[in-house]
Amino acid sequence: MVQICALASGSNGNAYYIGNENTAVLIDAGISRRQLHKRMVEVGLKIDKIKAVFITHEHTDHIRGFRSICERQQISGYMSSRTYEDSRPIYLPSKINLFEPGDSMNVADIIVHSFAKDHDAADPCSFRIEIDGLSIGVFTDIGVANDKLKLHFSLCHAAFLEANYDEAMLWAGPYPTYIKNRVASDKGHLSNDQTVELIQSSAGEHLSTLFLSHISADNNKIDFALKAVESLNKPFKVLPTSRHKPSEVVEIK
Ligand SMILES: [Zn+2]
Ligand SMILES: [Zn+2]
């Protein structure tokens, strides 16, 4: 039994849970240990099952809780060496396992595959988690879908996939022009349209569940993102995530 849940998703904090009966991993730690625990209790997940935390990049919404979660839970934290060098020391646990994007790591019977992605960070990477014969992807903070992302996504049974902004809302929205340009650039985020394109080009036949993730509060609406992807009429479930509360816990088969 594999369970997945977005405990937080968006620019206020990111934390994605992937686990089986015995072990779980957390991808990103953008909320405090206290908040993580509270949200896990809310949806009936056990924090003690998490045995490792993997960090995608050093932006605060992905590492704010890294130290507190690893140290309080006494579990291993993983990040790439260049991400480590560019992270604010206050967020870093005393012991960290360093890796290079492209490495695969074992946590009990779970395998975590890392690969480089395009985003305005020191050494951004994404992860595909192999667990009980299933593949779960965590793909957020992506400027442009590169070939590695397309390949890993095509293998997924479920994924947390970014649908960050609606093109029209971004350009008409409140951000200064240089930030709008940054969001829309190849080092920024995926728009709803880019997410739809990625699904059309690369979703595999095993895909059963897609969590739309890292949805912007200012430049998107959950309904816009859901409608854009649902209009594809694909045979998988499309679910929202939230910055304020945990998503549904979904069992992947
Ligand atoms: Zn982010
Ligand atoms: Zn980021």
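A salt bridge is a side-chain nitrogen of Lys or Arg within 4 Å of a carboxyl oxygen of Asp or Glu. By this rule the count comes to four salt bridges in the structure above, which is a predicted model. The exercises below treat three of these pairs, then the metal sites, a pocket and one further residue.

**Exercise 1. Determine whether arginine 67 and glutamate 71 form a salt bridge, and describe their setting.**

Solution.
Step 1. Side chains of opposite charge can pair when their charged atoms come close.
Step 2. The N to O separation of arginine 67 and glutamate 71 is 3.5 Å, and the limit is 4 Å. The two side chains therefore meet in a salt bridge.
Step 3. Both residues belong to helix H3 (residues 66-73), where they are four residues apart, about one turn of the helix.
Step 4. Arginine 67 has a relative accessible area of 37% and is partly exposed. Glutamate 71, at 34%, is also partly exposed.

**Exercise 2. Locate the partners of the salt bridge between arginine 82 and aspartate 123, and classify each as buried, partly exposed or exposed.**

Solution.
Step 1. The closest N and O atoms of arginine 82 and aspartate 123 are 3.0 Å apart.
Step 2. This pair links distant parts of the chain: arginine 82 is in helix H4 (residues 81-86), and aspartate 123 is in the loop between E8 and E9, 41 residues apart.
Step 3. Buried means under 20% relative accessible area. Aspartate 123 has 5% and so counts as buried, whereas arginine 82, at 45%, is partly exposed.

**Exercise 3. State which parts of the chain are tied together by aspartate 120 and arginine 182.**

Solution.
Step 1. The side chains of aspartate 120 and arginine 182 form a salt bridge, with an N to O distance of 2.5 Å.
Step 2. Aspartate 120 is in the loop between E8 and E9, while arginine 182 is in helix H7 (residues 177-184), so the pair ties together parts that are 62 residues apart in sequence.
Step 3. Aspartate 120 is partly exposed at 31% relative accessibility. Arginine 182 is partly exposed, its relative accessible area being 31%.

**Exercise 4. Identify the donors of the zinc ion (ligand 2) and classify the geometry of the site.**

Solution.
Step 1. The coordinating residues are His57 (NE2), His59 (ND1), His119 (NE2) and Asp141 (OD), at 2.2 to 2.5 Å.
Step 2. Along the chain these donors follow the spacing H-x1-H-x59-H-x21-D.
Step 3. A tetrahedral site with four donors would need all angles between 85 and 135 degrees. The angles here run from 89 to 169°, which makes the arrangement irregular.
Step 4. Both histidine 57 and histidine 119 are buried.

**Exercise 5. Describe the site of the zinc ion (ligand 1) and explain how it is joined to that of the zinc ion (ligand 2).**

Solution.
Step 1. Asp61 (OD), His62 (NE2), Asp141 (OD) and His214 (NE2) coordinate the zinc ion (ligand 1) at 2.2 Å.
Step 2. The spacing of these donor residues in sequence is D-H-x78-D-x72-H.
Step 3. The angles among the four donor atoms are 90 to 167°, and the site is irregular.
Step 4. Aspartate 61 is buried, with a relative accessible area of 10%, and histidine 62 is buried at 0%.
Step 5. Aspartate 141 coordinates both zinc ions, which are 3.5 Å apart.

**Exercise 6. Characterise the largest pocket by its volume and its lining.**

Solution.
Step 1. The largest pocket holds about 250 Å³ of space.
Step 2. Of its 17 lining residues, Ser11, Tyr175, Arg182, His189 and His214 are the closest to the centre.
Step 3. The elements giving two or more residues to the lining are H2 and H7. The largest share, three residues, comes from H7.
Step 4. By class, the lining comprises four nonpolar, eight polar and five charged residues.

**Exercise 7. Classify glutamate 197 as buried or exposed, and give its distance from valine 229.**

Solution.
Step 1. Glutamate 197 is part of helix H8 (residues 192-202).
Step 2. Exposed means over 50% relative accessible area. Glutamate 197 has 53% relative accessibility and therefore counts as exposed.
Step 3. Glutamate 197 and valine 229 are 32 residues apart in sequence, and their C-alpha atoms are 9.5 Å apart in space.

Definitions and conventions
Residues numbered from 1 in each chain as written. Chains lettered and ligands numbered in written order. Predicted model: local features only at pLDDT ≥ 70, side-chain atom pairs only at ≥ 80, totals over all residues. Heavy atoms only, no water. Donors = N, O, S within 2.8 Å, 3.2 Å for Na, K, Ca; no water. Tetrahedral: all angles 85-135°; square planar, octahedral: opposite > 155°, others 65-115°. Buried < 20%, exposed > 50% of the residue type's maximum accessible area, 1.4 Å probe, protein only. 1 Å grid on protein atoms, 1.4 Å probe; cavity = no way out; pocket = protein on both sides within 12 Å on 5 of 7 lines; lining within 4 Å. Points joined across faces, edges and corners; volume = space filled by probe spheres on them. Nonpolar A, V, L, I, M, F, W, Y, C, P; charged D, E, K, R; others polar.
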